[in-house]
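Please open the model in a viewer and keep the sequence panel visible. The tour below proceeds selection by selection, and each stop states what is to be found there.

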Amino acid sequence: MTHATGGKPADPEDGATGEDEGEAPAGPVRDDLFGEITVLLNDEEGWVEVLGDAVPPAVLERAAGAKTDAHVPIGTRKGADLTMTVDGDAVRLVPGKGKLSRRSYAVDVTRDGVAYRLVPDSLDGSRLLKDGKHIGDFSSGGDGRVLAEWKEGADVSPADASVGYALAAAFGTGGQPMWMMAIEAASELIPGGR
């Protein structure tokens, strides 16, 4: 399913934003390996689409009627309510529950026998692993804008890029370390805290 028919990159000359209501800006980013890549996010309808001349299309969709969480760009981390395709083929998608540890925010995808994992490794960023090897770093604040930096010497395919951009846009990147979450939780229990 293609969702990108309505969104257009912004044209600064006419003041247009190029956005449909609920859709994140559609302006392409320049990827060092794969040229222009467009990431579309519609948090209201619950879908993400990755497009580019040098990468296969990737689509991640939330089921209609699924209970949503405003903290997750795609609206849910419940795997049963999500589907993902890369180049039209369904892939196995398993998001972590996203509780106390950074690792609990990991998202796993299996495509054609290749295992991917996007996992937070800093406050703002996440690393993409391919069969356990670190191939790139992603950052996205949950607004559909995604930046990628590929590891020097890593064997990165166009499908790897599609998976990474889609996961970063759908789930956001980064996470607080467990000790910081514990301090915040404790401060909320103390009278007068927060």
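Which residues lie nearest the centre of the largest pocket? The model is a predicted one, and in it His71, Val72, Arg77, Tyr105 and Phe171 lie nearest that centre.

**Stop 1: the largest pocket**

Select His71, Val72, Arg77, Tyr105 and Phe171, which are among the 26 residues that line the largest pocket. The space in this pocket amounts to about 650 Å³. Colour the lining by residue class: ten of its residues are nonpolar, eleven are polar and five are charged. Then highlight strand S9, residues 114-120, which supplies three lining residues, the largest share.

**Stop 2: the whole chain**

Zoom out and switch to a cartoon view. The chain contains two helices and twelve strands. Followed along the sequence, the pattern is β-β-β-β-β-β-β-β-β-β-β-β-α-α. Colour by accessibility next: of the 194 residues in the chain, 44% are buried. Among contacts with a separation of 6 or more, 41% link residues that are 24 or more positions apart.

**Stop 3: the sheet S1 to S6**

Select strands S1 to S6. They form an open sheet of six strands in the order S1-S2-S3-S4-S5-S6, with antiparallel pairing. The edges are strand S1 (29-31) and strand S6 (89-90), each of which pairs on one side only. 

Add helix H1, residues 158-171. Helix H1 lies across S1, strand S2 (35-42), strand S3 (47-52), strand S4 (58-62) and S5, and it runs at about 155° to S5.

Now isolate strand S5, residues 82-86. Which residues belong to the covered face of S5, and which to the uncovered one? Leu82, Met84 and Val86 make up the covered face, whereas Thr83 and Thr85 make up the uncovered one.

Display the backbone of S5 together with its neighbours. Strands of a sheet pair through backbone hydrogen bonds, either parallel or antiparallel. On one side, S4 and S5 run antiparallel and are joined by five bridges; one pairing to inspect is that of Ala58 with Val86 in S5. S5 and S6 also run antiparallel, joined by two bridges. Thr85 has Ala90 in S6 as its bridge partner, and Val86 has Asp89 in S6.

**Stop 4: Asp87, in the hairpin of S5 and S6**

Select Asp87, which is placed in the loop between S5 and S6. The hairpin of these strands has two residues between them, and Asp87 takes a positive phi near 55° there. Most residues other than glycine have a negative phi.

Is Asp87 buried, partly exposed or exposed? Its relative accessible area is 47%, and Asp87 is therefore partly exposed, as the value falls between the 20% and 50% limits. 

Show the surroundings of this residue. With neighbours within four places in sequence left aside, Asp87 is in contact with Pro56, Pro57 and Arg111. Draw a distance from Asp87 to Ser162 as well: the two are 75 residues apart in sequence and 9.1 Å apart in space, C-alpha to C-alpha.

**Stop 5: the sheet S7 to S12**

Select strands S7 to S12. This is an open sheet of six strands in the order S7-S8-S9-S10-S11-S12, with antiparallel pairing. Its edge strands are strand S7 (92-95) and strand S12 (147-150), each pairing on one side only. On average, neighbouring strands of this sheet are turned by 20° against each other, direction ignored.

Within it, select strand S8, residues 107-111, which pairs with S9 in the antiparallel sense over five bridges. Arg111, already met as a contact of Asp87, stands opposite Val114 in S9.

**Stop 6: Asp112 and Asp131**

Move to Asp112, in the loop between S8 and S9. Asp112 has a positive phi, near 50°, and is a residue other than glycine. Its relative accessibility is 66%, so Asp112 counts as exposed.

Finally, select Asp131. Where is Asp131 placed? Asp131 is in the loop between strand S10 (125-130) and strand S11 (133-139). Its phi is positive, about 50°, although Asp131 is not a glycine. With a relative accessibility of 47%, Asp131 counts as partly exposed.

Note on methods: Residues are numbered from 1 along each chain as its sequence is written. This is a predicted model: local features need pLDDT of at least 70, side-chain atom pairs count only at pLDDT 80 or more; totals for chains, interfaces and linings use all residues. Side-chain values use heavy atoms; hydrogens and water are left out. Two strands pair if DSSP finds at least two bridges between them. Helices (H or I, at least four residues) and strands (E, at least two) are DSSP runs, numbered from the N terminus. Contact means heavy atoms within 4.5 Å. Axes are lines fitted to C-alpha atoms, for helices over the stretch in contact, and angles run from 0 to 180 degrees between N-to-C directions. On a 1 Å grid over the protein atoms alone, a cavity is a set of points where a 1.4 Å probe fits but cannot get out, and a pocket is an open set with protein on both sides within 12 Å along at least five of seven lines; lining residues have an atom within 4 Å of a point. Grid points are joined across faces, edges and corners, and a volume is the space filled by probe spheres set on the points. Ala, Val, Leu, Ile, Met, Phe, Trp, Tyr, Cys and Pro count as nonpolar, Asp, Glu, Lys and Arg as charged, and the others, Gly among them, as polar. Buried means under 20% relative accessible area, exposed over 50%, partly exposed in between (1.4 Å probe, protein chains only).
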